[in-house]
Amino acid sequence: MKSGMQNINSQYIQIDLARHLVVMRGEWSVFHADVIRKVLRQNKKILTSATFTADLSQVSALDTVGAWLIRQYLGMHTPSWQMTEQQKKLLDFLPAVAPKRLSLATPPALMTALTRLGERTVEGLAFAYELVAFSGLIFCRLLANLRHPSEFRPAAISRHIYETGIAALPIIGLLAFLMSTVVSYQGAIQLQKFGADIFTIDLTVISMLREMAPLVTAIMVAGRSGSAFAAEIGVMRLRKETDALESMGLDPISLLVLPRLLALLLTLPLLTFFADIVGIAGGALMSYSLIDIPPEQYIARVAETATPTMFMVGMIKAPVFAMIIATICTYHGMKVTGSAESVGRVTTISVVQTIFMVIFADAIFSIIFAELDI
């Protein structure tokens with residue numbers, strides 16, 4: 001543009017580059033906002049290249065939309081601006097336009113991945129530390145209760161035994177039966193090709209006693225009872241019931257965590273034993289229907305294959321899985337804060353972490369038993 005008065009739009013705006021002056025005229029209102037905005041956008045580079053003084057003396061009508069356009073493209077008014085007192089009040093009424101943030105360069109994908117890995121590592125270490133501290137607190141409360149057996153809550157323990165054990169028998173039995181039938185069916189199909197049908201019984205018994213029964217039972221209990229532990233305690237935290245217990249001099253760990261832990265320590269080995277029996281029965285049904293092995297021969301083969309060591313390998317895992325389920329789920333339940341959304345999120349996290357830790361512990365057991373040649 002040449003210096004001097006430059007007509008951008010004679011109806012609304014004129015710019016004098018030499019004096020850095022913007023003269024506005026006409027109606028700066030919502031009814032003409034589209035045209036005015038278009039003119040301002042076309043000359044945005046000019047208006048932002050230097051500090052301009054605005055002259056609003058020729059503006060016949062100004063509303064909040066027009067004032068906002070002035071503030072957006074010319075910024076805050078200065079004492080050198082020419083305007084009426086009413087126009088000044090309207091411009092002062094509008095909030096300041098937030099300065100645009102500089103766009104930061106996108107970090108490399110590798111750097112982003114390493115950053116996220118570091119964050120997850122720190123979160124995992126913090127979770128492991130808090131879980132160990134929570135486990136130690138539970139152990140201390142358990143020792144204190146052992147010194148004073150009257151501190152145990154038999155009513156609460158029996159209720160949780162029913163909920164985690166007796167009420168879970170149907171689903172655990174059905175799941176064990178289905179798992180044994182699947183293992184027997186797949187094993188029989190493959191072993192029939194080599195004329196080794198009889199080893200289908202060995203496959204079913206070994207897999208159920210050593211791995212499938214304790215693992216599947218623990219996963220089912222984690223999803224069924226573990227989620228209930230986290231949700232129940234979480235709702236109590238949300239409703240400040242745990243704070244009320246503390247205000248009355250009662251310990252929430254002894255009242256809420258220990259009964260659930262003790263109940264699960266009793267019921268999970270029994271559920272695992274029940275899953276062993278149902279799984280072997282399911283294998284007997286599939287062996288009879290697929291490879292025509294009568295029940296008498298099946299029972300005799302089971303007696304030859306199933307050793308006390310094999311049975312104890314599965315049973316040893318059950319109490320450890322019970323401690324993992326009860327500790328993680330009650331820990332997350334005690335961490336609930338805020339709203340009902342927190343209960344749902346914590347319940348989901350507790351079940352996912354519990355199942356992961358159960359499978360991880362099972363893998364550790366497998367390595368240990370392999371090294372010990374058990």
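Is lysine 240 buried or exposed? Good morning, everyone. I shall answer that question first, and then take you through several other places in this structure, which is a predicted model.

Lysine 240 has a relative accessibility of 53%, and because exposed means over 50%, this residue counts as exposed. Lysine 240 sits in the loop between H8 and helix H9, the latter covering residues 241-247. Its phi is near 65 degrees, a positive value in a residue that is not glycine. Most residues other than glycine have a negative phi. Aspartate 373 is another residue of this kind, with a positive phi of about 60 degrees although it is not a glycine. Aspartate 373 belongs to the segment after H13, and with a relative accessible area of 71% it is exposed.

Let us now turn to the helix that comes just before lysine 240. Helix H8 runs over residues 199-238 and contains 40 residues. From its first C-alpha to its last, H8 reaches 55 Å, close to the 58 Å expected at 1.5 Å a residue. At methionine 208, H8 bends by about 60 degrees.

H8 also takes part in a salt bridge. Glutamate 232 meets arginine 260 through their side chains, at 2.6 Å from N to O. This pair links distant parts of the chain, with glutamate 232 in helix H8 and arginine 260 in helix H10, 28 residues apart. The two partners differ in their surroundings: glutamate 232 is partly exposed at 29% relative accessibility, whereas arginine 260 is buried, with a relative accessible area of 4%.

How many salt bridges does the model contain? The count comes to 12, and I shall describe two others. The side chains of arginine 141 and aspartate 251 meet at 2.3 Å, N to O. Arginine 141 lies in helix H5 (residues 109-147) and aspartate 251 in the loop between H9 and helix H10 (252-291), so this salt bridge ties together parts that are 110 residues apart in sequence. Both count as partly exposed, arginine 141 at 27% relative accessibility and aspartate 251 at 23%.

By contrast, aspartate 92 and lysine 88 form their salt bridge within helix H4 (residues 85-93), where they are separated by about one helical turn because they are 4 residues apart. Their closest N and O atoms are 3.1 Å apart. In general, an α-helix has 3.6 residues a turn, so residues three or four places apart point the same way. In addition, Asp202, Arg301 and Glu304 are linked in a network of salt bridges.

Next, two buried residues. Arginine 71, in helix H3 (residues 64-74), is buried, with a relative accessible area of 4%. Its side chain reaches the backbone oxygen of leucine 91 at 2.4 Å. Serine 180, in helix H7 (residues 169-191), counts as buried at 0% relative accessibility. A polar atom of the serine 180 side chain lies 3.1 Å from the backbone oxygen of glycine 279.

Finally, we come to the surface. Which residues form a nonpolar patch there? They are Phe356, Phe360, Ile364, Ile367, Ile368, Leu372 and Ile374, with about 670 Å² of accessible area together. One of them, isoleucine 367, lies in helix H13 (residues 340-371) and counts as exposed at 51% relative accessibility. Thank you for your attention.

Key
Residues numbered from 1 in each chain as written. Predicted model: local features only at pLDDT ≥ 70, side-chain atom pairs only at ≥ 80, totals over all residues. Heavy atoms only, no water. Patch = residues over 30% accessible without salt bridge, like charges linked within 9 Å, V, L, I, M, F, W, Y side chains within 5 Å. Areas by Shrake-Rupley, 256 points an atom, 1.4 Å probe, with all protein chains shown as cover. Salt bridge = Lys/Arg side-chain N within 4 Å of Asp/Glu carboxyl O. Buried < 20%, exposed > 50% of the residue type's maximum accessible area, 1.4 Å probe, protein only. Expected span 1.5 Å × (residues − 1). Bend = angle between axes of the 7 residues up to and from the residue. Polar contact = N/O pair within 3.5 Å; in protein donor to acceptor, adjacent residues only side chain to side chain.
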